[in-house]
Amino acid sequence: MGEIILATVLMELGEAVIQELQRHLGGLLALKEMLVPGIMAVVVPLIVGLLLGKYALGGMLAWGVYLVIDLWLGMPFLSCLAASVFAVVYAEIMARVRKIPALLLTVPAIIPLVPGRTLYYAMREAVHGDLAQARAYGIETLLAALAIAGGISFAIVFRELQTKR
(Lines give C-alpha, C1' and ligand atoms only; values in the text may rest on other atoms or scores of the structure.)
Protein backbone atom coordinates (compact mmCIF):
# COMPACT_ATOMS: atom_id res chain seq x y z
CA MET A 1 0.00 0.00 0.00
CA GLY A 2 2.87 2.36 0.80
CA GLU A 3 4.35 1.85 -2.67
CA ILE A 4 1.09 2.87 -4.34
CA ILE A 5 0.90 6.05 -2.25
CA LEU A 6 4.53 6.85 -3.08
CA ALA A 7 3.89 6.28 -6.80
CA THR A 8 0.88 8.62 -6.67
CA VAL A 9 2.93 11.30 -4.90
CA LEU A 10 5.69 11.02 -7.52
CA MET A 11 3.16 11.33 -10.36
CA GLU A 12 1.72 14.46 -8.74
CA LEU A 13 5.24 15.82 -8.29
CA GLY A 14 5.87 15.32 -12.01
CA GLU A 15 2.70 17.28 -12.82
CA ALA A 16 3.76 20.05 -10.42
CA VAL A 17 7.17 20.36 -12.08
CA ILE A 18 5.55 20.64 -15.51
CA GLN A 19 3.06 23.25 -14.26
CA GLU A 20 5.88 25.29 -12.71
CA LEU A 21 7.81 25.11 -15.97
CA GLN A 22 4.75 26.34 -17.86
CA ARG A 23 4.25 29.19 -15.41
CA HIS A 24 7.82 30.41 -15.89
CA LEU A 25 7.57 30.17 -19.65
CA GLY A 26 4.40 32.23 -19.86
CA GLY A 27 1.93 29.38 -19.74
CA LEU A 28 2.43 28.24 -23.29
CA LEU A 29 -0.25 25.74 -24.15
CA ALA A 30 1.94 24.30 -26.90
CA LEU A 31 4.57 23.38 -24.30
CA LYS A 32 2.02 21.44 -22.31
CA GLU A 33 0.73 19.65 -25.38
CA MET A 34 4.30 18.63 -26.27
CA LEU A 35 5.81 17.89 -22.87
CA VAL A 36 3.08 16.41 -20.68
CA PRO A 37 2.24 13.38 -22.81
CA GLY A 38 5.89 12.66 -23.58
CA ILE A 39 7.26 13.07 -20.07
CA MET A 40 4.36 11.42 -18.31
CA ALA A 41 4.26 8.59 -20.84
CA VAL A 42 7.81 7.62 -19.96
CA VAL A 43 8.26 8.72 -16.37
CA VAL A 44 5.02 7.49 -14.78
CA PRO A 45 5.17 3.85 -15.93
CA LEU A 46 8.88 3.75 -15.11
CA ILE A 47 8.38 5.05 -11.56
CA VAL A 48 5.36 2.84 -10.92
CA GLY A 49 7.15 -0.17 -12.37
CA LEU A 50 10.20 0.36 -10.22
CA LEU A 51 8.11 0.80 -7.08
CA LEU A 52 5.62 -1.99 -7.58
CA GLY A 53 8.03 -4.45 -9.12
CA LYS A 54 6.67 -7.75 -10.32
CA TYR A 55 3.05 -6.66 -10.76
CA ALA A 56 3.78 -3.51 -12.74
CA LEU A 57 6.43 -4.94 -15.05
CA GLY A 58 3.72 -6.02 -17.50
CA GLY A 59 2.39 -2.45 -17.61
CA MET A 60 5.84 -1.09 -18.33
CA LEU A 61 6.37 -3.61 -21.11
CA ALA A 62 2.89 -3.11 -22.57
CA TRP A 63 3.40 0.65 -22.61
CA GLY A 64 6.75 0.11 -24.30
CA VAL A 65 5.04 -2.00 -26.98
CA TYR A 66 2.45 0.76 -27.42
CA LEU A 67 5.11 3.47 -27.79
CA VAL A 68 7.25 1.49 -30.24
CA ILE A 69 4.34 0.50 -32.48
CA ASP A 70 2.84 3.99 -32.35
CA LEU A 71 6.21 5.49 -33.28
CA TRP A 72 6.63 2.94 -36.07
CA LEU A 73 3.11 3.00 -37.54
CA GLY A 74 1.62 6.21 -36.16
CA MET A 75 -1.71 4.45 -35.59
CA PRO A 76 -2.87 4.63 -31.95
CA PHE A 77 -5.66 2.09 -32.46
CA LEU A 78 -3.33 -0.63 -33.74
CA SER A 79 -0.73 0.30 -31.13
CA CYS A 80 -3.25 -0.08 -28.34
CA LEU A 81 -4.60 -3.32 -29.80
CA ALA A 82 -1.12 -4.87 -30.06
CA ALA A 83 -0.12 -3.65 -26.60
CA SER A 84 -3.25 -5.11 -25.00
CA VAL A 85 -2.66 -8.47 -26.73
CA PHE A 86 0.91 -8.37 -25.46
CA ALA A 87 -0.27 -7.51 -21.94
CA VAL A 88 -2.63 -10.48 -21.78
CA VAL A 89 -0.09 -12.90 -23.26
CA TYR A 90 2.55 -11.65 -20.82
CA ALA A 91 0.13 -12.01 -17.90
CA GLU A 92 -0.82 -15.55 -18.91
CA ILE A 93 2.80 -16.66 -19.22
CA MET A 94 3.95 -15.02 -15.99
CA ALA A 95 0.90 -16.31 -14.10
CA ARG A 96 1.93 -19.85 -14.94
CA VAL A 97 5.54 -19.19 -14.02
CA ARG A 98 4.60 -17.63 -10.67
CA LYS A 99 1.61 -19.91 -10.07
CA ILE A 100 -0.78 -17.05 -9.42
CA PRO A 101 -4.07 -16.05 -11.10
CA ALA A 102 -3.52 -14.31 -14.43
CA LEU A 103 -5.92 -11.52 -13.47
CA LEU A 104 -3.41 -10.28 -10.88
CA LEU A 105 -1.01 -9.54 -13.70
CA THR A 106 -3.48 -8.64 -16.46
CA VAL A 107 -5.05 -5.65 -14.74
CA PRO A 108 -1.78 -3.82 -13.93
CA ALA A 109 -0.52 -4.58 -17.44
CA ILE A 110 -3.61 -2.99 -19.03
CA ILE A 111 -3.85 0.10 -16.78
CA PRO A 112 -1.23 2.21 -18.65
CA LEU A 113 -3.23 1.75 -21.84
CA VAL A 114 -6.47 3.17 -20.42
CA PRO A 115 -7.25 6.43 -22.26
CA GLY A 116 -7.69 8.67 -19.24
CA ARG A 117 -5.99 11.69 -20.78
CA THR A 118 -8.25 11.83 -23.83
CA LEU A 119 -11.35 11.21 -21.72
CA TYR A 120 -10.37 14.13 -19.48
CA TYR A 121 -9.77 16.36 -22.50
CA ALA A 122 -13.13 15.35 -24.01
CA MET A 123 -14.97 16.27 -20.81
CA ARG A 124 -13.01 19.52 -20.44
CA GLU A 125 -13.80 20.62 -23.99
CA ALA A 126 -17.48 19.67 -23.58
CA VAL A 127 -17.72 21.77 -20.43
CA HIS A 128 -16.01 24.71 -22.17
CA GLY A 129 -18.47 24.44 -25.05
CA ASP A 130 -16.08 23.28 -27.77
CA LEU A 131 -18.20 20.34 -28.88
CA ALA A 132 -16.23 19.64 -32.07
CA GLN A 133 -13.00 19.16 -30.12
CA ALA A 134 -14.86 17.22 -27.41
CA ARG A 135 -16.20 14.91 -30.09
CA ALA A 136 -12.71 14.36 -31.54
CA TYR A 137 -11.29 13.48 -28.11
CA GLY A 138 -14.33 11.32 -27.38
CA ILE A 139 -13.82 9.32 -30.57
CA GLU A 140 -10.13 8.88 -29.74
CA THR A 141 -11.08 7.65 -26.26
CA LEU A 142 -13.67 5.24 -27.63
CA LEU A 143 -11.23 3.83 -30.18
CA ALA A 144 -8.60 3.23 -27.50
CA ALA A 145 -11.16 1.50 -25.26
CA LEU A 146 -12.31 -0.67 -28.18
CA ALA A 147 -8.70 -1.55 -29.00
CA ILE A 148 -8.06 -2.61 -25.40
CA ALA A 149 -11.22 -4.72 -25.29
CA GLY A 150 -10.48 -6.22 -28.70
CA GLY A 151 -6.91 -7.06 -27.77
CA ILE A 152 -7.96 -8.74 -24.53
CA SER A 153 -10.69 -10.67 -26.33
CA PHE A 154 -8.37 -11.76 -29.12
CA ALA A 155 -5.70 -13.00 -26.71
CA ILE A 156 -8.19 -14.88 -24.54
CA VAL A 157 -9.92 -16.52 -27.51
CA PHE A 158 -6.55 -17.51 -28.96
CA ARG A 159 -5.53 -19.03 -25.62
CA GLU A 160 -8.79 -20.95 -25.36
CA LEU A 161 -8.37 -22.31 -28.88
CA GLN A 162 -4.82 -23.40 -28.07
CA THR A 163 -5.81 -25.17 -24.85
CA LYS A 164 -8.62 -27.12 -26.54
CA ARG A 165 -6.21 -28.76 -28.99
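# Exercises on an all-helical predicted model

The protein has seven helices and zero strands. The model is a predicted one. Along the sequence the elements follow the pattern α-α-α-α-α-α-α. The accessible surface of the protein comes to about 10400 Å², and 74% of that surface belongs to carbon and sulfur atoms.

## Exercise 1. Helix α7: length and buried residues

Determine whether the end-to-end distance of helix α7 agrees or disagrees with the span expected from its residues, and state what its buried residues pack against.

Solution.

Step 1. Helix α7 covers residues 131-164, which is 34 residues. At 1.5 Å a residue, counted as one less than the number of residues, the helix should span 50 Å.

Step 2. The C-alpha atoms at the two ends of α7 are 48 Å apart, which agrees with the expected span.

Step 3. The buried residues of the helix are to be listed next. In α7, Ala134, Tyr137, Thr141, Ala144, Ala147, Ile148, Gly151 and Ala155 are buried. An α-helix has 3.6 residues a turn, so residues three or four places apart point the same way.

Step 4. These buried residues pack against α4 (76-98), α5 (103-110) and α6 (116-127).

Step 5. Threonine 141 serves as an example from helix α7. With a relative accessible area of 11%, threonine 141 is buried, because the cut-off for burial is under 20%. Leaving aside residues up to four places away in sequence, threonine 141 touches Pro115, Thr118 and Leu119.

## Exercise 2. The nonpolar surface patch

Identify the residues that make the nonpolar surface patch and the element that gives the most to it.

Solution.

Step 1. The patch has an area of about 880 Å² and is made by Trp72, Leu73, Met75, Phe77, Leu78, Ile139, Leu142, Leu143 and Leu146.

Step 2. Two or more residues of the patch come from each of α3 (57-73), α4 and α7.

Step 3. Helix α7 gives the most, with four residues.

Step 4. Leucine 143, one of the patch residues, has its place in helix α7. Its relative accessible area of 39% makes leucine 143 partly exposed. Helix α7 thus holds both buried residues and residues of the surface patch.

## Exercise 3. Aromatic pairs

Classify the ring pair of phenylalanine 86 and tyrosine 90 as stacked, tilted or edge-to-face, and do likewise for the pair of tyrosine 120 and tyrosine 121.

Solution.

Step 1. The structure holds five aromatic pairs. For phenylalanine 86 and tyrosine 90, the ring centres are 6.3 Å apart and the planes lie at 20°. Planes under 30 degrees apart count as stacked, so this pair is stacked.

Step 2. Both residues lie in helix α4, four residues apart, about one turn of the helix. Phenylalanine 86 is partly exposed at 29% relative accessibility, whereas tyrosine 90, at 9%, is buried.

Step 3. In the pair of tyrosine 120 and tyrosine 121, the ring centres are 5.7 Å apart and the planes lie at 55°, so the pair is tilted.

Step 4. Tyrosine 121 counts as buried, at 3% relative accessibility. Ring pairs link Tyr120, Tyr121 and Tyr137 into a cluster. Tyr137 is also among the buried residues of α7.

## Exercise 4. Salt bridges

Trace the network of salt bridges that includes Arg159, and state how many residues apart in sequence arginine 159 and glutamate 92 are.

Solution.

Step 1. The structure holds three salt bridges. One of them joins arginine 159 to glutamate 92, with the closest N and O atoms 2.5 Å apart.

Step 2. Arginine 159 lies in helix α7 and glutamate 92 in helix α4, so the pair ties together parts that are 67 residues apart in sequence.

Step 3. Arginine 159 also forms a salt bridge with glutamate 160, where the closest N and O atoms are 2.6 Å apart. Glu92, Arg159 and Glu160 are therefore linked in a network of salt bridges.

Step 4. Within this network, glutamate 92 is buried, with a relative accessible area of 15%. Arginine 159 is partly exposed at 25%, and glutamate 160 is partly exposed at 34%.

Step 5. Arginine 124 and glutamate 125 meet in a further salt bridge, at 3.0 Å from N to O. Glutamate 125 counts as buried, at 13% relative accessibility.

Conventions. Residues are numbered from 1 along each chain as its sequence is written. This is a predicted model: local features need pLDDT of at least 70, side-chain atom pairs count only at pLDDT 80 or more; totals for chains, interfaces and linings use all residues. Side-chain values use heavy atoms; hydrogens and water are left out. Buried means under 20% relative accessible area, exposed over 50%, partly exposed in between (1.4 Å probe, protein chains only). Contact means heavy atoms within 4.5 Å. Rings of Phe, Tyr and Trp (its six-membered ring) pair if their centres lie within 6.5 Å; planes under 30 degrees apart count as stacked, over 60 as edge-to-face and the rest as tilted. Accessible areas come from the Shrake-Rupley method with a 1.4 Å probe; for residues, only the protein chains shown count as cover. Patches are made of residues with over 30% relative accessible area and no salt bridge: like charges are joined within 9 Å, nonpolar side chains (Val, Leu, Ile, Met, Phe, Trp, Tyr) within 5 Å. A salt bridge is a side-chain nitrogen of Lys or Arg within 4 Å of a carboxyl oxygen of Asp or Glu.
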